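Biologist: I'm new to this one, so could you walk me through a single part up close? I'd like to hear about the salt bridge and what lies around it.

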Amino acid sequence: DNDLGMRVGEEIKEIVDMSKRRPYSYSSITYSGGKAYETKIIKAPPASNNNSSRKPGVECNGITLRQLRAVMQNIIRRCVAEGWTGINGELLTPEEVNLYHVNQYIILPYTSRKRTSFVRALLSTAGAQPPRFFISHWWG
């Protein structure tokens, strides 16, 4: 662990079935060996205006680290095999793929069929996923 409370060390590989819904959680305490000691389930804030049938808002569309890793595996598996190209028509490698390419080749095709946000469309999303951190970007 470091001063920021983040685990450091060698990445542990595990196979996770992303086609199954998973509760949205994080490990808050770890052993020195990196194994989770306490797992906290994150729940969505209560619906406002006494309308419990309302879907959680966009503020509950946080993507989990597991889901991001699954997107990366999707890039690795598909990029070269499908001949993804950059803005100038050059063939891409997984290391060269950026968010514009992810949007073009993964997010838009997946969400246009489902007509919902990317996180909500993922099979592994069991419900609201309010983020613990918010990072923004500019498309311009």
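Modeller: Sure, let's start with Arg 78, which counts as buried at 18% relative accessibility (buried is under 20% relative accessible area, exposed over 50%, partly exposed in between, with a 1.4 Å probe and protein chains only). Bear in mind that this is a predicted model, where local features need pLDDT of at least 70, side-chain atom pairs count only at pLDDT 80 or more, and totals for chains, interfaces and linings use all residues. Residues are numbered from 1 along each chain as its sequence is written, and side-chain values use heavy atoms, leaving out hydrogens and water.

Arg 78 pairs with Glu 82 in a salt bridge, 2.8 Å from N to O; the term means a side-chain nitrogen of Lys or Arg within 4 Å of a carboxyl oxygen of Asp or Glu. The structure holds one such bridge. Glu 82 is partly exposed, at 46% relative accessibility. The two are about one helical turn apart, because they sit four residues from each other in helix H1, residues 65-82 (helices are DSSP runs of H or I, at least four residues, numbered from the N terminus).

Next along the chain, Cys 79 is buried too, with a relative accessible area of 0%. Leaving aside residues up to four places away in sequence, Cys 79 touches Trp 84, Leu 92, Thr 93, Pro 94 and Val 97, where contact means heavy atoms within 4.5 Å. Cys 60 is also buried, at 3%, and the count of disulfides is zero, going by cysteine sulfur atoms paired within 2.5 Å.
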